[in-house]
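Biologist: I should like to learn how the features of a model are read, one at a time. Please begin with the terms.

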Amino acid sequence: INIIKTSLAKSNRNSSKYNSLKNRLAVAFFELGLYQNALEVHEQMIESLVNSESKYLGYSYHNVAEVYGKMNVLDSSQLFYEKAIEFKSSNHPESLFSSYFSYANVLEEKGDYIIAEQYYAKALEIIPKNPGPEDFKMIKNYADLEYNLSKYKLSKSLNDSYMNHLNNYIKLQEEIQETDKRFNMDLITKRYFDEAVSYTHL
């Protein structure tokens with residue numbers, strides 16, 4: 001946090017770098033559980049960017065909603081997810097997936113299952129091409145909601161999709177680990193060969 005603050009002090013307040021650092025500071029506070037500090041930083045960003053089209057304004061709306069969610073202030077969380085969705089829809093639609101997903105979670109927590117269902121469906125339509133675990137977790141949440149709504153056929157279809165993504169991700173991680181092992185063995189072999197050549201020239 002101190003390193004980020006030092007970098008902020010040296011940055012131009014009107015630059016993208018400054019906004020990036022400010023966002024990182026808020027996220028650092030959030031990850032440490034310092035939610036009030038995170039809120040203060042994001043509120044400062046919103047105040048300074050409110051009339052702009054900066055992607056960081058969308059991030060701040062979304063992240064404020066996330067902080068309120070952690071604090072279990074669900075009405076405020078819902079409000080800021082709605083602000084994030086409205087802003088991103090007009091300016092940065094490529095980043096809507098996370099806001100749709102998180103908004104659906106909050107609505108589900110509040111018992112607004114029908115609207116939550118609609119936003120899970122919206123998120124599914126734009127899920128990243130190569131989703132990570134935090135992305136395809138949405139499909140599992142959606143499947144569970146449909147099961148609770150007694151829509152068992154759709155729930156099973158979604159759960160199958162989730163398992164497919166999960167298995168593909170596990171397979172990819174195994175392939176990466178195998179590649180890393182081969183790369184490390186190549187390095188060891190090269191080091192051994194270099195040492196042998198060096199020894200023969202003594």
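Modeller: Contact means heavy atoms within 4.5 Å. This is a predicted model, in which local features need pLDDT of at least 70 and side-chain atom pairs count only at pLDDT 80 or more, while totals for chains, interfaces and linings use all residues. Residues are numbered from 1 along each chain as its sequence is written, and side-chain values use heavy atoms, with hydrogens and water left out.

Biologist: Leaving aside neighbours within four places in sequence, which residues is Y119 in contact with?

Modeller: Y119 is in contact with I85, Y100, Y103, A104 and L107. Y119 is also one of the buried residues of helix 7, together with A116, E117, Y120 and A123; buried means under 20% relative accessible area, exposed over 50%, and partly exposed in between, with a 1.4 Å probe and protein chains only. Helices are DSSP runs of H or I with at least four residues, numbered from the N terminus. The buried residues of helix 7 pack against helix 5, helix 6 and helix 8.

Biologist: Which residues touch the most other members of the largest nonpolar core?

Modeller: In soluble globular proteins, nonpolar side chains tend to be buried together. A nonpolar core is a set of buried Ala, Val, Leu, Ile, Met, Phe, Trp, Tyr and Cys residues joined through side-chain atoms within 4.5 Å. Here the largest has 48 residues, of which Y61, F80, Y119, Y120, M138 and I139 touch the most other members. Helix 6 gives the most to this core, eight residues.

Biologist: How is empty space found, and what is the volume of the largest pocket?

Modeller: Rolling a probe the size of a water molecule over the atoms shows where empty space is left. A pocket is an open set of points on a 1 Å grid over the protein atoms alone, where a 1.4 Å probe fits, with protein on both sides within 12 Å along at least five of seven lines; lining residues have an atom within 4 Å of a point. Grid points are joined across faces, edges and corners, and a volume is the space filled by probe spheres set on the points. The largest pocket has a volume of about 500 Å³. Of its 19 lining residues, E66, Y81, S102, N105 and E134 are the closest to its centre. Helix 6 supplies the largest share of the lining, seven residues.

Biologist: Where is N72 found, and is N72 buried or exposed?

Modeller: Most residues other than glycine have a negative phi. N72, in the loop between helix 4 and helix 5, has a positive phi near 65°. N72 counts as exposed because its relative accessibility is 55%.

Conventions: Helices (H or I, at least four residues) and strands (E, at least two) are DSSP runs, numbered from the N terminus.
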